[in-house]
Amino acid sequence: MTTTPIGDLALLSDRHSAALVDRDGGVQWLAFPRFDSPSVVGGLLGADAGLWRIRPTSSHVEVERQYLDGTLVLETTFRTPTGVAVLTEAMATGEDADPHALGRSATHLLVRRVDCRQGSVDMEVAFAPRPEYGLVVPLVEAVPGGLLIRGGAERLALTSPVDLAVTDAGSGGTLTLSAGQSATFALHHGRLGDREPRTWSQEDLAALLDSTVRAWRAWSAIHQTYQGPWRDLVHTSGRVLQALSFQPTGAIIAAATTSLPEGVGGERNWDYRYAWVRDSCFTMQALWVAACPDEAVDFFSFMTGAAATVDDDNGLQIMFGVGGEHDLTERTLPHLEGWRGSRPVRVGNGAWNQQQVDVYGELLGAAHQLR
């Protein structure tokens with residue numbers, strides 16, 4: 001059963017999809033190529049739904065974490081009895097001449113670099129992707145530069161600078177880094193019949209990680225100008241709002257995950273990877289403080305475009321998919337035990353066809369805020 005505290009999960013995003021990473025170097029959630037896509041790593045919701053962990057082998061480790069200033073690039077420092085290693089990771093956004101277009105050049109790639117800063121550190125890697133929320137146990141093949149993963153509709157390529165032993169359960173290996181040495185891993189996503197994923201050189205991955213830092217800082221430089229009370233928290237919230245926005249449409253989702261419960265062991269665990277009309281007015285107010293009018297225009301344009309219909313019988317729908325979808329039919333995943341045993345695990349959201357008359361006021365409030 002997955003017991004990781006929700007507060008120990010750090011968010012990574014390329015404004016298309018998201019990953020959640022724990023303090024132990026474990027990716028607990030990763031979905032490609034959209035926020036609402038089936039997970040390829042979903043250990044947060046079930047032990048058999050996949051994992052990708054990079055951590056020291058030592059049993060005595062002190063951990064510190066922070067985002068690099070002005071970014072959503074995560075830096076985790078592991079202090080062991082023999083040395084210090086830093087894990088730097090990000091969903092690669094690519095770089096764009098227009099900072100407002102952060103994520104437009106995203107490559108659907110999660111990059112994870114380990115640097116040894118002091119002494120020497122033995123690191124271990126464990127990798128067991130499970131597409132479609134853990135339903136698929138994929139074929140894994142060693143290829144030059146890493147692994148090729150095929151299962152169901154998903155195609156993945158893991159870049160690894162060290163050889164990983166492949167078994168039916170997954171793949172893994174160890175490496176020793178001394179001060180000044182680094183190793184970069186990356187997971188690239190593709191689809192059956194579409195783009196084939198590939199392994200990347202260490203130099204290309206270093207450039208992608210650096211460009212992601214620059215892209216986030218370029219966005220922050222023109223958006224994070226708030227100087228009032230709780231400045232740091234407001235700026236962090238602004239970056240989180242940006243991370244939860246779907247770049248192609250401007251939709252902003254309520255959360256990056258599904259099925260995290262309101263109470264441990266409870267059934268009130270819904271899929272929140274959608275955009276709610278009810279949130280629109282508050283979201284517009286937050287964007288006005290923590291971002292800038294461009295994002296507000298994008299979000300409002302998404303809402304009005306998704307809501308457009310001549311169906312007078314059903315009225316204004318209360319929520320939409322990130323692409324503007326109306327049908328968000330809910331289903332359960334009985335093969336997953338849920339976070340801390342909180343069942344059922346759900347995808348989709350049955351509230352999509354409820355009638356809630358307050359949404360008219362919320363949308364009008366958003367229009368007033370935009371004006």
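I began with the terms for strands: two strands pair if DSSP finds at least two bridges between them, and strands (E, at least two residues) and helices (H or I, at least four) are DSSP runs, numbered from the N terminus. I noted that this is a predicted model, in which local features need pLDDT of at least 70 and side-chain atom pairs count only at pLDDT 80 or more, while totals for chains, interfaces and linings use all residues. Residues are numbered from 1 along each chain as its sequence is written, and side-chain values use heavy atoms, with hydrogens and water left out.

**Entry 1, the hairpins.** I looked up strand S1 (residues 10-13) and found that S1 and S2 pair in the antiparallel sense over 4 bridges, with Ser13 standing opposite Ala18 in S2. The two strands form a hairpin with 4 residues between them, and Arg15 in the turn has a positive phi of about 70°. I then followed S2 onward: S2 and S3 pair in the antiparallel sense over 3 bridges, and Leu20 stands opposite Trp29 in S3. Their hairpin also has 4 residues between the strands, and here Gly25 takes a positive phi near 75°.

I checked which way the side chains of strand S2 (residues 18-21) face, and noted that Ala18 and Leu20 point one way, Ala19 and Val21 the other, and that all are buried. Buried here means under 20% relative accessible area, exposed over 50%, and partly exposed in between (1.4 Å probe, protein chains only).

**Entry 2, the cores.** I looked for nonpolar cores, meaning sets of buried Ala, Val, Leu, Ile, Met, Phe, Trp, Tyr and Cys residues joined through side-chain atoms within 4.5 Å. The largest has 53 residues, and Leu11 and Met303 have the most contacts inside it. Helix H4 (residues 293-307) gives the most to this core, with 7 residues. A second, separate core of 33 residues includes Leu12, Ala19, Val114 and Leu187. I listed the contacts of Leu11 (heavy atoms within 4.5 Å) beyond its neighbours within four places in sequence, and among them are Ala18, Leu20, Tyr67, Val240 and Ala256.

**Entry 3, helix H4.** I compared the span of H4 with its expected span, which is 1.5 Å times one less than its number of residues: the 15 residues should span 21 Å, and the end C-alpha atoms are 21 Å apart, which agrees. The buried residues of H4 include Glu295, Phe299, Phe302, Met303 and Ala306. Seen down the axis, the buried residues of H4 fall within an arc of 155°, so they line one face of the helix; the arc is that of the directions from the helix axis to the C-beta atoms.

**Entry 4, the salt bridges.** I counted 18 salt bridges, each being a side-chain nitrogen of Lys or Arg within 4 Å of a carboxyl oxygen of Asp or Glu. Arg34 and Glu325 meet in one of these (3.1 Å, N to O). Arg34 lies in the loop between strand S3 (26-31) and strand S4 (39-41), and Glu325 in the loop between strand S19 (319-320) and strand S20 (331-332), so the pair ties together parts that are 291 residues apart in sequence. Glu124 forms a salt bridge with Arg55, the closest N and O atoms being 2.6 Å apart. This pair links strand S9 (residues 109-128), which holds Glu124, to strand S5 (residues 51-56), which holds Arg55.

I turned last to Arg273 and Asp271, whose side chains meet in a salt bridge (2.9 Å, N to O). Arg273 counts as buried at 0% relative accessibility, and Asp271 is buried with a relative accessible area of 0%. I also noted that salt bridges sharing partners join Asp22, Asp24, Arg53, Arg55 and Glu124 into one network.
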